[in-house]
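User: I'm new to reading protein structures. Could you walk me through one, feature by feature?

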Amino acid sequence: MLARTAARFGRPLGGIRSYSGDAKAVVYSQHGRPLEVLKLHTYRLPAAGAGQVAVKFLSAPINPADINQVEGVYPLRPAFTQALGGDEPVAVGGNEGCVEIVGVGPGVDGLAVGDRAIMRHTLFGTWRTHALATAADLIRIPYGPAEVSAVQAGTVSVNPTTAYQMLREFVALAPGDFFIQTGANSGVGRAAIQLGARWGFRSINVVRDRPDFDALAAELTALGATHVVTESQLADKGFRNVIKQWVAGSKLRLGLNCTGGASTTNIARQLSEGGHLVTYGGMARQPITIPPSLFIFKDIHLHGYWLSRWADANPAAKEAVLGELFGLVARGELRDVPVDRAVWRDGMSDAERLDVFRGAVSAYIEGSKGRKQMLVHE
Ligand code: NAP
């Protein structure tokens with residue numbers, strides 16, 4: 001079916017190029033466990049109307065927030081609608097992704113067929129093959145595929161931007177200063193290591209215990225990590241003195257928290273007087289416990305960070321940060337998180353597509369092992 005509709009792609013229509021055809025999406029009509037509620041939906045994509053572009057998806061990751069939306073436990077969730085037809089209202093999963101413009105309606109400036117773009121906002125619904133969008137939904141990628149691949153572009157707007165902002169917004173770190181973080185091998189953590197190293201900051205990176213710790217530590221060190229430690233090392237009082245010696249003569253004023261639980265308490269203990277602990281994730285699904293002494297005697301400050309809030313309030317600033325990040329990716333100075341590709345090919349049956357996607361969701365649920373699951377269209 002897609003092969004048939006692909007034949008219609010790019011057909012000139014009065015100077016405007018149009019695309020229409022069947023499209024596929026991973027949707028849900030109720031919140032719940034992803035493997036139980038996700039299903040495949042087929043819908044007809046009309047040609048782009050006035051002010052619209054038709055886009056073909058090239059890549060879309062499975063991020064923790066996407067899964068939390070499907071589960072119904074994330075504060076921002078897409079509405080269930082019948083905009084895509086069907087018997088019942090559904091929401092399309094996924095927030096981040098990279099698209100190619102395959103049709104341009106009348107009155108659209110700044111986007112042409114063949115351009116690539118990423119989503120400007122969350123909630124677009126990116127786990128699909130095609131969609132109609134407006135120029136306001138998209139940020140054009142100012143580089144070609146040889147410089148920034150679709151996979152790289154598909155993960156740049158959330159995690160690296162979050163790391164960028166957290167390293168800048170809370171503490172005016174100076175070159176040589178340290179920061180410490182949990183979940184250091186996450187997408188955000190890897191971006192923080194690389195951006196931090198670029199700006200001259202040293203980092204202490206906490207990861208969960210694992211048999212292949214040495215290999216992971218080597219990988220993160222190659223990205224620019226100064227030290228990599230396990231959660232159990234961090235929990236060990238003796239080892240915490242080792243960390244204090246690493247930091248001696250400098251300051252550790254910023255902690256980035258991806259997890260919650262004991263490791264968060266332990267990175268807070270490492271902070272210098274007046275230090276700031278910024279929580280952006282809760283991967284361990286455990287509360288944050290801070291001993292009163294850290295407030296009283298060390299004047300520790302706790303913050304939360306949510307990229308969506310900042311991006312909605314500062315759209316121009318977000319675009320400027322993204323422009324900088326695209327440049328770093330294009331020059332090979334910001335490496336993306338390792339990716340497992342869940343590939344949708346033209347001609348695949350609905351059952352095959354759903355199977356491939358469910359496989360990626362299962363891999364996500366089993367634990368990231370430092371890799372991002374990504375839907376890729378070939
Ligand atoms: P990711 O690349 O999928 O990596 C997930 C990370 O979480 C890995 O380091 C993983 O470690 C760790 N992890 C998983 N389960 C854990 C557990 N039970 N205890 C401790 N660590 C665990 O993640 P990401 O896309 O970077 O996102 C990381 C977090 O940041 C998520 O909570 C996400 O929602 C959040 N986030 C927030 C914002 C914001 O604006 N606040 C923006 C972006 C991301 P292993 O390798 O050991 O499994």
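User: Let's start with charges. Which residue forms a salt bridge with Arg 120, and how far apart are the closest N and O atoms?

Analyst: Before we dig in, keep in mind that this is a predicted model. The general idea is that side chains of opposite charge can pair when their charged atoms come close. Here Arg 120 pairs with Glu 319, and their closest N and O atoms are 2.7 Å apart. Arg 120 sits in the loop between β8 and β9 while Glu 319 belongs to helix α13, so this salt bridge ties together parts that are 199 residues apart in sequence.

User: Are those two residues buried, exposed or partly exposed?

Analyst: Use the cut-offs: buried means under 20% relative accessible area, and exposed means over 50%. Arg 120 has 23%, so it counts as partly exposed. Glu 319 comes out at 35%, so it is partly exposed too.

User: How many salt bridges are there in total?

Analyst: The count comes to 15. One of them joins Lys 39 and Glu 88, with 2.5 Å between the closest N and O atoms. Lys 39 is in strand β4 and Glu 88 is in the loop between α3 and β6, 49 residues apart, so you can see distant parts of the chain being linked. Lys 39 is partly exposed at 28%, and Glu 88 is partly exposed at 36%.

User: What about Glu 378: which residue does it form a salt bridge with?

Analyst: That would be Arg 341, with the closest N and O atoms 3.1 Å apart. Glu 378 lies in the segment after β18, and Arg 341 in strand β17, 37 residues away along the chain. Salt bridges can also share partners: Arg 198, Arg 331 and Glu 333 are joined that way into one network.

User: Okay, now the inside. How do I read a nonpolar core?

Analyst: In soluble globular proteins, nonpolar side chains tend to be buried together. In this model the largest nonpolar core has 39 residues, and Leu 254 and Leu 256 have the most contacts inside it. Several elements supply at least two residues each, among them α5, α6 and β14. The largest share, six residues, comes from α13. Domain 1 and domain 2 each contribute at least three residues to this core.

User: Which residues does Leu 256 contact?

Analyst: Setting aside neighbours within four places in sequence, its contacts include Met 166, Phe 179, Ala 192, Ile 267 and Tyr 280. There is also a second, separate core of 20 residues, and Leu 38, Trp 127, Ala 342 and Val 361 are among its members.

User: You mentioned domains. Where do they run along the chain?

Analyst: The domain assignment gives domain 1 as residues 2-155 plus 336-377, and domain 2 as residues 159-309. Their C-alpha centres lie 33 Å apart. The contact between them takes 15 residues from domain 1 and eleven residues from domain 2.

User: How about a single helix? Which residues of α3 are buried?

Analyst: A handy rule is that an α-helix has 3.6 residues a turn, so residues three or four places apart point the same way. In helix α3, residues 64-71, the buried ones are Asp 66, Ile 67, Asn 68, Gln 69 and Val 70. Those buried residues pack against β3, α2, β5 and α14. After α3 comes Gly 72, which has a positive phi near 85°.

User: Which residues have a positive phi although they are not glycine?

Analyst: Most residues other than glycine have a negative phi, so a positive value is worth a look. Leu 123 has a phi of about 75°, and it sits in the loop between β8 and β9. Asp 299 has a phi of about 55°, and its place is the loop between α11 and β16.

User: Last one: which residues make a nonpolar surface patch?

Analyst: Phe 295, Ile 296, Phe 297 and Leu 302 make one of about 440 Å². Ile 296 is found in helix α11. At 59% relative accessible area, Ile 296 counts as exposed.

Definitions and conventions
Residues numbered from 1 in each chain as written. Predicted model: local features only at pLDDT ≥ 70, side-chain atom pairs only at ≥ 80, totals over all residues. Heavy atoms only, no water. Helix = DSSP H or I, 4+ residues; strand = E, 2+ residues; numbered from the N terminus. Core = buried A, V, L, I, M, F, W, Y, C linked by side-chain atoms within 4.5 Å. Buried < 20%, exposed > 50% of the residue type's maximum accessible area, 1.4 Å probe, protein only. Domains from an automatic or database assignment. Contact = heavy atoms within 4.5 Å. Patch = residues over 30% accessible without salt bridge, like charges linked within 9 Å, V, L, I, M, F, W, Y side chains within 5 Å. Areas by Shrake-Rupley, 256 points an atom, 1.4 Å probe, with all protein chains shown as cover. Salt bridge = Lys/Arg side-chain N within 4 Å of Asp/Glu carboxyl O.
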